[in-house]
Structure formats: structure tokens, C-alpha cells
Amino acid sequence: MTLLAVRDLTVGIGGAVLVDGVSFTLDPGERLGLIGESGSGKSLTALAVLGLLPAGATVTGSITLDGRELVGLGDRRLSALRGRKLAMVFQEPRTALNPLMRVGRQVAEPLHHHGLLTRRAARTRAVDLLADVGLPDPAHTARAYPHQLSGGQLQRVGIAAALACGPALLLADEPTTALDVTVQAEILALLDRLVDEHGTALVFITHDMAVLARVARRVLVLGKGKVLEEGELDSVLRAPGHEYTRTLLTAARAASFRREA
Amino acid sequence: MTVLLSVLRRPAGAFGLIWIGLLAVAAIVSTFWTPFDPLRTDPGKAWLLPFTDGHVLGTDRIGHDQFSQLLVGARETMVVAVCAALVAAVVGLLLGLLAALGPGWVSGPAVGLIDVLIAFPTLLLAMVLAAVYGSSLGTVVVAIGTGFGVAVARVARAEIASVRGSDYVLAARVGGAGTARIIRRHVLPNIAPTLIVQLSLVMALAVLVEAALTYLGYGSSPSSPSWGGMLHEQQAHIAARPLLVIWPGLAVALTVLAFNLLGDALREATDPRLAR
């Protein structure tokens, strides 16, 4: 049974075609890496899956979740799916959290408004979720405002919020790019463990092969909105079939070399 | 409660809060007690200097007790400031939300309305309304409230638009939140600090405009003492008795300052990012 099937997805904004005929499928619990440089259409693909493309964007093709077509679905219907079935972790944890809301409440919010838990129960559950993502003293942290936490801690909060309702699919859009290298490794390990425990399918978006290698086995290489290459990460790494993939690989090697030096 | 305490901890905030508080007390107390009847005329007690015969601030040319008149004048000032700010908040928020979040056929006209009304001087709007509907406290409040409300709307629109484009609103939508919830949970709290400052500015300007209107004779009836009315009354004798102009002038100036300082202190007190 396929969880997510994207067929011939094309997204245009203001006459420019930014995602051009992208297709892929994802089974429950499976992981897929979307890799490409900025402007390759990887983030737009994720936003299209969530139905949150900027106003004025045109979408053609088909996106089905559990066999249900998402393209053209009304916002109210999509809202009911978002957070509960689909969730996302953002690149910038600092801007992805409301600066004026205590972090515990931001984790509890989707649990409450999807009607899964009462406000009080959601608040208790939020503390458990914060403990799950490895935040020290979760009861105290839940009462903190975003500016009182570090970037790594905030990204843990973001992950807790995304996984709160136990979604079937998690989209992670460069979740470690804005973090320190040491924190990156921790966050990747955390994502790896939680996604495994919950049996959540993962679409991991990155421009960094080295990061991708830690979380996903299957990879989709995007360039200028098109799928250039698809396959197991090992075989893509060993024998890149496309010039562009080779460039990405070289960039990753150079970066890791610099890191070690 | 904690907000009030943190306002009081700041010297500027404490001054603003205490002065506004004193005015509120004066406005209430003056409804049933003043040292003298503010409208009583007594030619035998004309031109008294401060602190003579119990007249704390002296009397004018027909023996009006100036302190009593100031106390009663505070009533009109406070009512106009508060009501105008409420009207401005409603007008500003509604227009701002429509202009920032409405579909194209709503936001376009809303922006146009804001731009047109902003170009129209509030004092002039108040004078026109007073000329058409008769001068009353209600007309003054509506005129000042809508006049400054559109200025609030323009600021609110920009703030709402920037909140709407933020990652945390996108994150909330990813979490499944609808528009109403996003407005309630994310937009309103995040524009509140700006709105508080704007509304305190509206209150300060409302005090000024109200005084100007009554000074020009467009305010409430001359039989109810007001600060603008006192200025109007005394201006002919400004060279001989400057003190009589200074009292209401000082009251207006201090009140305008107090509302501004209170607004700044409130913004700092309600924003957790600025909390110490």
C-alpha cells in the first residue's frame, strides 16, 4: 500500500515553471531524500504536498495520500489533514515558532484543535513530547518563550510539534542547515530515532549529501524543477548517473573535507 | 496585575499611569463633588490669585473657580480619549484585517479607503461632522476615532501582512490551523504591542484634537467646562493673566505626554522579548 504518490507534479508561479513533472511514491514508514541546490524546486514540492503554495501558484498533476487526491482539495479539508496526517519541520527553528507563545502551548495547539485531546490533556501531552525529543526539564521548558531557548532546543520543539499528532508523513525541509555542526548530528539522530519509533514516513529535503546519507536510503535528485535521478543512495553515491549529481557529490566531499581539516 | 507592576517599575510608565489614574479619579469625583460649583459666577471674587479664599488655582474674570473647572474638564477629556481609542481600535483592526487578509476584491477597496481617509485631516473631519450633525461629544468621538482609526489601520495592515508571511504562521497552517485560529493565536498577539503604542498615540492626539475642537467652539456645549473651552475663555486676557491659560494648557500637555509614556511602558511590559 502506497502512502504518498506524487504523479507528474508541475508548479508554476507567474509564468515560470518551478516544479516540472515530478513523480515519486512513498510507502508507510519509508524514507526518501529530496536533494538539489536552492531553486531546484524541492521546497515547493513539499509545500505542494501540504497544499500551502503561495497565492497565485498553479498546480497540475496529482498528489494522493492514502489514495486520496490532495490537488484541488478545499482548504478546510486540507486543514483537517495537516498536522494530523502530514507534518513539517522547518529550516529556521527560530522563525518557525511564534515568539509570543510559550513553546509548550505551540506543541499542544495542534493536538487540541484537531479535537484529539482537551486543552488540559494536550498541555500534559506536550510536556511528554518535549521529554521525548530530549529537552531537559520538559515541564519547565514548556513554559519558556522561544527567545529563551537555543537553536538546537528550538528545533527539538519544532520536531515535537510536528510529531504531536502522530502524522503518517513528516516533511523535513533542511532541518539542520541553520544549526551548528555538532547540534546537526544530534538533531539527525533524534529524527532518525523518532521517525523509526513512530513508523512515520519521512521526506527529507537537503542540499547536503553527507547529511542525507545519515537519514535516508532512497534519494531523488532534483535540478531546475525536474527529477534528474532516482535510486538507492548507495548506488547513486557509487555511480552517479548525472553530471549534476556528481557536482553535488563533489561539493559534499569538499565540505566534509573542510570540516575534518 | 504583573503588567501594571512592571509599568510602575519604569519611571516614565509610573508617571503616565499615575497621571492618567489621577485624571480618572478627578473625572469620577467631579461628577458629585468639586471644591466650588464650576459654573458659579461671582463678580466679587474675580481675578483671584491662586490660594486665595480657598480657590487653589484662582478664579477668572467672572469668578469661575479654575481648579473645579479643570476637574470637570478632565471628565470630557477622559471620555473622549477612551472612547476615541476604542473606535479607532475597532476601525483600525477591521480595516487592517480586511486590507491585509481579505481576498482581492475586499483588500483593494479597503486599502483605497484607508489612503483616502488618511489624506483627510482629522480636525477638519471633526469640524465637518460637527457642522452637519451638530456638535456633541458623540460626534467628536466618532470623528477622532475614525480619523485616527484609519492611521491605525495602515500600520495594522503592514504588521498583519508581515505576521501572515512569517514562518510561524506557515508552521501553524502546517499544523492544521484555520484562518480564524491564526488571527486569534498568532496575528493579534503579535500586532498587540504595535497596536498598544498606536492606540496610546491616538489617545494623546484625541486629547489634543478635543481641546482644539472645543477651543474652536465645535466641541460639546459651552455650559460644560472643558480644557479647550477654558483656553477659549481666557485667551483674550493672556497678557494680563497668563496663569489662567497656563493651567488648562499644562493639563493638556501633561495628559498628552502621560498617554505617550504609558503606551511605551505598556508595550515594553507586554512583550516577553523585552522582559527583564
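This passage describes the contact between chain A and chain B in a predicted model, followed by a helix of chain B and by a sheet and a buried residue of chain A.

The size of an interface is often given as the accessible area lost when the parts come together. In this model, chain A and chain B bury about 1,900 Å² between them, and 60% of that area lies on carbon and sulfur atoms. Within the share that chain A buries against chain B, 28% is supplied by F90(A), L100(A) and H113(A), which is more than any other three residues provide. Counted by residues, the contact draws 28 from chain A and 17 from chain B.

Polar and charged pairs are also found across this interface. The rule applied here identifies three salt bridges between chain A and chain B, and a salt bridge is formed by R173(B) with D75(A), whose closest N and O atoms are 3.4 Å apart. In addition, twelve residue pairs, with both residues at pLDDT 80 or more, are in polar contact across the interface of the two chains. On the side of chain A that touches chain B, at least two residues each come from α1 (42-50), α2 (75-81), β6 (86-89) and α3 (103-113) of chain A. Of the elements of chain A, α3(A) gives the most to this side, with five residues. When the residues on this side of chain A are sorted by class, 14 are nonpolar, eight are polar and six are charged.

In chain B, helix α7 spans residues 167-174, and its buried residues are Y168(B), V169(B), A172(B) and V174(B). The cover over these buried residues of α7(B) is drawn from both chains, since it includes α1 and β6 of chain A as well as α6 (137-164) and α8 (179-216) of chain B. After α7(B) comes G176(B), a residue with a positive phi near 100 degrees.

Turning to chain A, an open sheet of four strands is found in the order β2-β1-β4-β5, with antiparallel pairing. The edges of this sheet are occupied by β2 (16-26) and β5 of chain A, each of which has a single partner strand, so that one side of each is left without a neighbour in the sheet. Strand β1 (residues 4-13) of chain A pairs with strand β4 (residues 57-65) of chain A in the antiparallel sense, over eight bridges. Along these strands, L4(A) stands opposite L65(A) in β4(A), and V6(A) has I63(A) of β4(A) as its bridge partner. Strand β4(A) is also joined to strand β5 (residues 68-69) of chain A, by two bridges and in an antiparallel arrangement, with T64(A) having E69(A) in β5(A) as its bridge partner. Together β4(A) and β5(A) form a hairpin with two residues between them, and D66(A), which lies in the turn, has a positive phi of about 55 degrees.

Elsewhere in chain A, L190(A) is placed in helix α7 (residues 181-198) of that chain. Its relative accessibility is 5%, and L190(A) therefore counts as buried. Apart from its neighbours within four places in sequence, L190(A) is in contact with D132(A), V133(A), R156(A) and I159(A). The C-alpha atom of L190(A) is separated by 8.3 Å from that of G134(A), although the two residues are 56 residues apart along the chain.

Technical notes. Residues are numbered from 1 along each chain as its sequence is written. Chains are lettered from A and ligands numbered from 1 in the order in which they are written. This is a predicted model: local features need pLDDT of at least 70, side-chain atom pairs count only at pLDDT 80 or more; totals for chains, interfaces and linings use all residues. Side-chain values use heavy atoms; hydrogens and water are left out. Contact means heavy atoms within 4.5 Å. Buried area is the accessible area (1.4 Å probe) that two parts lose on being put together, summed over both. A salt bridge is a side-chain nitrogen of Lys or Arg within 4 Å of a carboxyl oxygen of Asp or Glu. A polar contact is a pair of N or O atoms within 3.5 Å; within protein, one must be able to donate a hydrogen and the other to accept it, and residues adjacent in sequence count only if both atoms are side-chain atoms. Ala, Val, Leu, Ile, Met, Phe, Trp, Tyr, Cys and Pro count as nonpolar, Asp, Glu, Lys and Arg as charged, and the others, Gly among them, as polar. Buried means under 20% relative accessible area, exposed over 50%, partly exposed in between (1.4 Å probe, protein chains only). Two strands pair if DSSP finds at least two bridges between them.
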